[in-house]
Amino acid sequence: HGGKIDISLISDNCVHLESLAISGNCLISDQDFGSQRNALFPQLTDLHINTHAFIPFTIWSRIFQSCLALAQLEMTNCEGLWDDSLAQLLATHPHSLASLVRLSIRGGHRGDVALTERSVALLKTRCSLLTQL
């Protein structure tokens with residue numbers, strides 16, 4: 001697929017993953033990704049995604065909403081991840097990210113991340129186990 005990694009195939013075929021590291025050009029999914037009745041990666045505690053292209057909003061938001069066991073999360077280049085989108089996701093999904101101990105969100109080549117102290121405060125409130133941000 002020209003460096004495209006389909007996370008839908010991984011979620012459909014590796015339901016019981018506890019750790020997942022993805023590195024490549026681009027992350028894609030089918031339109032039903034994460035919308036099934038079953039939890040998305042219910043046992044996943046460690047997730048590391050490093051891509052050159054933006055991680056689509058539909059992918060990272062589904063991961064945040066559905067992977068409730070995540071303790072370590074590292075991502076780069078999240079499309080549309082701003083203070084408002086994070087606040088809305090946390091408000092509408094009360095268990096999202098609650099198990100996090102370590103969170104790292106990096107920007108593109110210049111390191112730009114569109115999160116401010118507002119998001120840090122929200123994460124500190126939600127993630128009582130958080131030790132690294």
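**Legends for views of a predicted model**

**View 1. Long-range contacts in the predicted model.** Of the contacts in the protein with a separation of 6 or more, 71% are accounted for by residues 24 or more positions apart. The model shown is predicted.

**View 2. Order of the secondary structure elements.** The protein contains four helices and six strands. Along the sequence they follow the pattern β-α-β-β-β-α-β-α-β-α, with a helix as the closing element.

**View 3. Overall dimensions.** The radius of gyration of the protein is 14 Å, which agrees with the value near 14 Å that a compact globule of 133 residues would have. Taken along the principal axes, the box filled by the C-alpha atoms is roughly 40 × 35 × 25 Å.

**View 4. Burial and surface.** Of the 133 residues in the protein, 41% are buried. The exposed area is about 7500 Å², and carbon and sulfur atoms supply 52% of that area.

**View 5. Placement of charges.** The protein carries 9 positive and 12 negative charges. The mean positions of the two sets are 4 Å apart.

**View 6. Helix α3 and its cover.** Helix α3 spans residues 83-92. Its buried residues are D83, S85, L86, A87, L89 and L90. An α-helix has 3.6 residues a turn, so residues three or four places apart point the same way. Two other helices, α2 (57-66) and α4 (117-126), are included in what covers the buried residues of α3.

Notes: Residues numbered from 1 in each chain as written. Predicted model: local features only at pLDDT ≥ 70, side-chain atom pairs only at ≥ 80, totals over all residues. Heavy atoms only, no water. Rg over C-alpha atoms; globule rule 2.2 N^0.38 Å. Buried < 20%, exposed > 50% of the residue type's maximum accessible area, 1.4 Å probe, protein only. Contact = heavy atoms within 4.5 Å. Areas by Shrake-Rupley, 256 points an atom, 1.4 Å probe, with all protein chains shown as cover. Lys, Arg positive; Asp, Glu negative; His and termini not counted. Charge placed at Lys NZ, Arg CZ, Asp CG, Glu CD.
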